[in-house]
Amino acid sequence: MKRWTLLTVPVVALAAAAFRAPPQPAAEPAAKTVHVEMLQQGSRYVFRPAGIRIQPGDIVEFENVSGGPHNVQFYPNRIPTGAREFLNRAMPQRQGDLASPFFTTPHQKYTVNFTGAPEGTYDYFCLPHQALGMKGTIIVGAPGGPGSTINDGEPTPAQVPPSD
Ligand SMILES: [Cu+2]
């Protein structure tokens, strides 16, 4: 009987230690890359999907698929507070306020890293095709601010600003 006891005690001690181990902190959700195509569909020019929802830290990758040149340009009055300064730092090779360069190379990609982005709703458009309705919405975290809201993945038509 003594032999069994000697064997059992260390096993019980190990098991107890395992139960006392502090719980692992909840893992941060891994950053993801969300792909948005810029394309021509017949006489229409679209971002597809036109509405996406991401978390701060995610990356949005735009791809010039067809119908270019396209660009990505955010509305200065339809983004969250602080987002203008953020985007003007985060957008590579800007050609102006909140404006990406024009994409002329087929399958050219343009990425915007939303690490540190203010949460809220970001509305944007393609300058060459703005009048044709080429517009999109990115919700970072929770929707908010003066931008539109996503309705079935599309900006609500009533909330799309009139073209100038
Ligand atoms: Cu376009």
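1. Start with Val60: in this predicted model, it stands opposite Val112 in strand S6. A little further along, Phe62 has Tyr110 of S6 opposite it. Find these two pairs on screen and you have a handle on how S4 and S6 sit together.

2. Now take the two strands as a whole. Strand S4 covers residues 59-64, and S4 and S6 pair in the antiparallel sense, over 5 bridges.

3. What about S4's other partner? Strand S1 (residues 33-41) is joined to S4 by 6 bridges, and these two run parallel. One spot to look for here is Glu37, which stands opposite Glu63 in S4.

4. Zoom out and you'll see an open sheet of 4 strands, in the order S2-S1-S4-S6, with mixed pairing. At the edges are strand S2 (44-48) and strand S6 (109-113), each of which pairs on one side only. From one strand to the next, the twist averages 15°.

5. Back to S4 for its side chains. Which of them are buried? Val60, Phe62 and Asn64 are, and they point to one face. Ile59, Glu61 and Glu63 point to the other face and are not buried. That back-and-forth is a handy thing to recognise: in a regular strand, side chains alternate between the two faces of the sheet.

6. Put the points together for Phe62 and Glu63. Phe62 is buried and stands opposite Tyr110 in S6, whereas Glu63 is not buried and has Glu37 opposite it.

Note on methods:
Residues numbered from 1 in each chain as written. Predicted model: local features only at pLDDT ≥ 70, side-chain atom pairs only at ≥ 80, totals over all residues. Pairing = 2+ DSSP bridges. Axes fitted to C-alpha atoms, helices over the stretch in contact; angles between N-to-C directions. Buried ≥ 20, exposed ≤ 12 C-beta atoms within 10 Å, placed from the backbone.
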